[in-house]
Amino acid sequence: MPQACHDYGFIPETVIIKNHATFIRQHTQMSDVLQQLADVLEQRKSQSADSSYVASLYHKGLDHILKKVGEECTETIVAAKNGEAEQIIYETADLWFHSMVMLAQLGLGPEDVLNELQRRFGLSGLEEKAQRTQKR
């Protein structure tokens with residue numbers, strides 16, 4: 001039976017070490033970008049609705065933000081179905097952005113999501129899904 005892709009049991013150790021260093025570097029860069037964006041989003045909470053797009057979203061409330069997340073999700077799906085890489089990246093960026101606005105509105109941030117992803121690292125998808133099912 002093949003091993004779960006999260007276990008990396010089928011990859012030589014030297015490849016894992018090299019790729020782990022690359023992963024750490026990329027993860028740090030990604031975390032930095034997400035944290036910079038989270039900081040800006042937090043600053044926008046105290047601004048007036050007419051001063052920025054994000055401030056206007058916060059002032060309209062969670063339901064409006066969730067509607068935007070839903071719209072961006074749909075646009076991302078359509079872009080993926082069309083298969084144009086540039087449009088997929090653009091729409092995914094919009095989805096991530098609006099998801100981060102949602103997180104900030106709820107007092108959460110990218111570190112919370114990254115911590116959850118880190119927790120799942122090393123679990124097979126089947127194990128992770130079974131854990132979720134048991135919690136319900």
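This is a short talk on one chain and on how two of its helices meet.

Right, let's start. What you see is a predicted model. The chain has 136 residues. How many helices and strands does the secondary structure come to? The count is 6 helices and 0 strands. So much for the inventory. Along the sequence, the order reads α-α-α-α-α-α.

Next, burial and surface. Buried residues account for 22% of the chain. The exposed area is about 9800 Å². Carbon and sulfur atoms supply 59% of that area.

Now contacts. Take the pairs at least 6 apart in sequence. Of those contacts, 54% join residues at least 24 apart.

On to one helix pair: α2 and α4. Helix α2 covers residues 53–60. Helix α4 covers residues 85–105. Their axes come within 11 Å. They cross at roughly 50 degrees. Why call α2 oblique to α4? Because an angle of roughly 50 degrees falls outside the parallel, antiparallel and perpendicular ranges: under 35, over 145, and 65 to 115 degrees. The crossing of α2 and α4 is right-handed.

Which residues make the contact? From α2, they are Tyr 53, Val 54, Leu 57 and Tyr 58. From α4, they are Phe 97, His 98, Val 101, Ala 104 and Gln 105. By class, that contact has 7 nonpolar residues and 2 polar ones. Charged residues are absent from the contact of α2 with α4.

To recap the pair: α2 lies oblique to α4, the crossing is right-handed, and the contact has 7 nonpolar residues. That's the tour.

Key
Residues are numbered from 1 along each chain as its sequence is written. This is a predicted model: local features need pLDDT of at least 70, side-chain atom pairs count only at pLDDT 80 or more; totals for chains, interfaces and linings use all residues. Side-chain values use heavy atoms; hydrogens and water are left out. Helices (H or I, at least four residues) and strands (E, at least two) are DSSP runs, numbered from the N terminus. Buried means under 20% relative accessible area, exposed over 50%, partly exposed in between (1.4 Å probe, protein chains only). Contact means heavy atoms within 4.5 Å. Accessible areas come from the Shrake-Rupley method with a 1.4 Å probe; for residues, only the protein chains shown count as cover. Axes are lines fitted to C-alpha atoms, for helices over the stretch in contact, and angles run from 0 to 180 degrees between N-to-C directions. A crossing is left-handed if the near helix is turned anticlockwise from the far one by less than a right angle, and right-handed if clockwise. Ala, Val, Leu, Ile, Met, Phe, Trp, Tyr, Cys and Pro count as nonpolar, Asp, Glu, Lys and Arg as charged, and the others, Gly among them, as polar.
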